[in-house]
Every structure is written in C-alpha cells, then in structure tokens.
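Q: Could you take a close look at one part of this protein for me, the place where its two domains meet? I'd like the contacts there, plus anything odd in the backbone.

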Amino acid sequence: MSIVAERMRQVKLSPSVAARIILNRLREEGRRIIDLTIGEPDFATPAHICKAAVEAMERGETKYPLSQGTMPLRRAVANRLILDTGVTYPVDQIIVSTGAKQVLYNALMSSLEDGDEVIIPAPYWVSYPDMVELAGGTPVTLSTDAGKRYKIEPEALARAITPKTKWLMMNAPSNPSGAVYDEAELLGLAEVLRANPHVWVMTDDIYARLTFNGRPALHILQVAPGLADRILVVNGVSKAYAMTGWRIGYGAGPKDLIKAMAVVQSQSTSGACSISQAAALAALTGPQDCVTEFASSFRERRDAALAILSDAPGLNAVSPDGGFYIFPDCTALIGKTAPDGTTIKSDADLVQYILKESGVALLDGGSYGIPGTFRLSFASAIDEVREGCEAIKGLCTALAD
Ligand code: PLP
C-alpha cells in the first residue's frame, strides 16, 4: 500500500516545474536551451527594495512576524488596494502570505466543502485545478474562445453556475492568454454575479499592473463595488516588482474569510518571511517607476515576438494586453509531418518537436485547458525571445502536409 494519500491521485506536479527538471537535464547534457517557459521577469529586484531588506535584518527584524502580516505592510497594502480596486480595506481584512499562491491556497482550504464547485475559465493558470482538488473541491472548466480573445462571456458564465458553485476564479491579465476586460465586459459579468448571490469571486490580479496601454487592468470592484462582500482580491509583489523569490502575496476580502485564512496560515507557515515583508513594504511605498519600466520592456518584447510569429505558417496568436505570455493557436499544424518523418499529433508533440530541433522550450496548451495551443513566455531577454521566435517560425515552415 502506498504512503501517498488518495487525494494526491488527482494532483500533478506543476507543468512549469516539470519542464524545468527536463530543461536542467538537457543543459547538463550540454544542449543550449532558449527557455521560453519562464514565469518570472528576468529583471533584478530594484536596489532600493533589496536595501530595505538588508536594513530590516540590521534592525533585527528576524523574529516571527505577526502571522497575518506586519502592520506596516498591511497598511501599505490597504493604500495600494484603494488605487487598484477603489475599496478601502481595514487591516483586519488583509492578509499577507508566502506569495499570491499561498493566498489562493489558504482561501480554498478555508472555504471549500467537499464537492463544492469552482469555476475555472480556460485557458487557466495551471495551478488552479490542482489547488481546488487539494482542498476537496471540484474544478469546473469554463472554456473560452480565441475568437473572443479568451474572455469569459456572461451567458457562458451563467450556464456554468450550479447550486454547488462556490467560487469563480478570475485572472486578468490572464496567464496564459494576456486577456484584460473592459468596463462593459466587467459589467456584463457583474450582472450574472448579482443574479447568483451564492457565487464568490477570487480575482487573481498578479499581472494587473503589467499592462501595455499605460493603465493598470480595470478591476471588477471598480465597476461593481457592491460585490465587495463576496470578492477576495489576490495580488502580490512577485511579478510587478521582479520579486518572485521573496514570496510575498496578499489578499483582501470579507472579515470572516480573511480570519479563517489567517487560521490556516497560523497552523501551516506561521506567516511570510519578516525580511521579505520589509522588502515588500519598500516596494509598495517606494518609487513606482520600476513597474512602468518593466511593463514597457515587456511591451517591446511582446511586439518583437509577435512581429516574427505573425509570419509563422499555421500559428494564430492573439496579441496579449498584459502579462508576459503569448498563447498561439496551433491547430492548423496538427496532422503535419516533421522533416524526420514524425507526425505532429498534438500541441505536446509540437512543443516536443520544437525543443528537440532547436532547443526552444515552450509549454503545451493542453496543460492550460486548451489543447491545440502553446504558451510562450517573453519574460526572457529580448534577443533570446527574438531568436526563439525565429526558430519556431523556421520549424513551423518546415512542417509538411
Ligand atoms: N497567479 C498567477 C496567475 C500566476 O501566474 C502566478 C505565478 O506564476 C501566481 C499567481 C503566483 O504568484 P506568487 O509568486 O506571488 O505566488
């Protein structure tokens, strides 16, 4: 009999972690890899943020912090949330955790009864379904269309809701599609939510400030503030401030939910690293031009990648409005034959072919809930992004009917 619990049967290793293991092996064998799977900015954390961490250590901020998050950081988060959502959250309605990921996990653990349904629009961030499973819930995939820029449509949302629905996951800009909603689209979704008062919403806003039109993504609370009593806002410093390794995320929402999440946290991690919290405080309260600079650099990389991919036969890429991923449709290439005679039967085969022939690493779209696509990250240096896209274009051209 296995030591591994039954509930782990449904849960997989994150595909990006699995890809990293394979890429490390290939590198050890001496292969040059252009890694376009990466889910983190290649920028260094800005110097003033690192300095704040050193100063916190020197001041002796090395003891257990308050489990729910230090007061100065929670106050800074509250100020940031006014800008990002228009809602004023008191500090007892804010929790700081070990990355946005742990905020999501705490929320699911503290709210799901066995069999509760969580609507996850596809394409989705790979971790959502597995986190829901771990917490005993049932992930319900809501597919979206490339033709609709992979956005949730109000009618489709209404059809997906059942009496067992507890949560809707929203993530804009989306990982992987880069979709961002405008005011009319958010109002349409808000209307469905108002008609279904048992449904709560987790807004994963981790890419909200990395948009390409100079404005942060509009938040559903900015158009429907009346929904605040059943929305959990999730964000963090990982992507906007190039702080993935510091592991600081935060959540804000109704008091009883945050209180339950704080209990889960107090009985698991005891809270996020004190030094990282000091760094996150400097990130949120210090100069913000780094965020604008990162966003414009991502925009340049996006444009460079799309300029090449738009000439790649068989690929159809929607231009992302934010984040740092492109999610091309490759269904036109399925069934074609590679120069070595192998048939490309799926997106996973295409990704495998591209890795084998050129060392360019991508992630298959099936892992994101939409087979016939793949995810390309443009978080790497622009020359690598260009070189990788040229190689992809060449290999798509080499496929024969
Ligand atoms: N949410 C989405 C959509 C993500 O893509 C990621 C990271 O890839 C996270 C959350 C995790 O963020 P954090 O590093 O703050 O845990």
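A: Here's a walk through the domain interface, followed by some side-chain pairs and a few backbone oddities.

First, the ground rules: this is a predicted model, with local features needing pLDDT of at least 70 and side-chain atom pairs counting only at pLDDT 80 or more, while totals for chains, interfaces and linings use all residues. Residues are numbered from 1 along each chain as its sequence is written, and side-chain values use heavy atoms, with hydrogens and water left out.

The protein splits into domain 1 (6-44 + 290-396) and domain 2 (48-285); those bounds come from an automatic or database domain assignment. Their centres, taken over C-alpha atoms, sit 26 Å apart. Counting contact as heavy atoms within 4.5 Å, 36 residues of domain 1 touch 28 residues of domain 2. Together the two domains bury about 2,900 Å², with 63% of that on carbon and sulfur atoms. Buried area here is the accessible area (1.4 Å probe) that two parts lose on being put together, summed over both. On the domain 1 side, V291, D321 and Y368 supply 20% of the area buried against domain 2, more than any other three residues.

Now the polar side of things. The interface has 2 salt bridges, a salt bridge being a side-chain nitrogen of Lys or Arg within 4 Å of a carboxyl oxygen of Asp or Glu. D130 and K12 meet in a salt bridge with their side chains, at 3.3 Å from N to O. There are also 12 residue pairs in polar contact between the domains, both residues at pLDDT 80 or more. That term means a pair of N or O atoms within 3.5 Å; within protein, one must be able to donate a hydrogen and the other to accept it, and residues adjacent in sequence count only if both atoms are side-chain atoms.

Which elements give two or more residues to the domain 1 side? Those are α11 (289-309) and β9 (325-326), and α11 brings the largest share, 7 residues. Helices (H or I, at least four residues) and strands (E, at least two) are DSSP runs, numbered from the N terminus.

Helix α11 also turns up in an aromatic pair. The model has 11 aromatic pairs, meaning rings of Phe, Tyr and Trp (its six-membered ring) with centres within 6.5 Å; planes under 30 degrees apart count as stacked, over 60 as edge-to-face and the rest as tilted. F43 and F294 are stacked, because their ring centres are 4.3 Å apart and their planes at 5 degrees. F43 lies in the loop between β1 (34-35) and α2 (47-58) and F294 in α11, so the pair ties together parts 251 residues apart in sequence.

Across the whole structure there are 19 salt bridges. One of them joins the side chains of E387 and R32 at 2.7 Å, N to O. E387 is in helix α13 (residues 382-397) and R32 in the loop between α1 (15-28) and β1, 355 residues apart.

As for the backbone, most residues other than glycine have a negative phi, and most peptide bonds are trans. A172 and P173 are joined by a cis peptide bond, omega about -10 degrees, and N175 and P176 by another, omega about 25 degrees. P173 sits in the loop between β5 (165-171) and α7 (183-195), and P176 is in the loop between β5 and α7 too. R149, not a glycine, has a positive phi of about 55 degrees.
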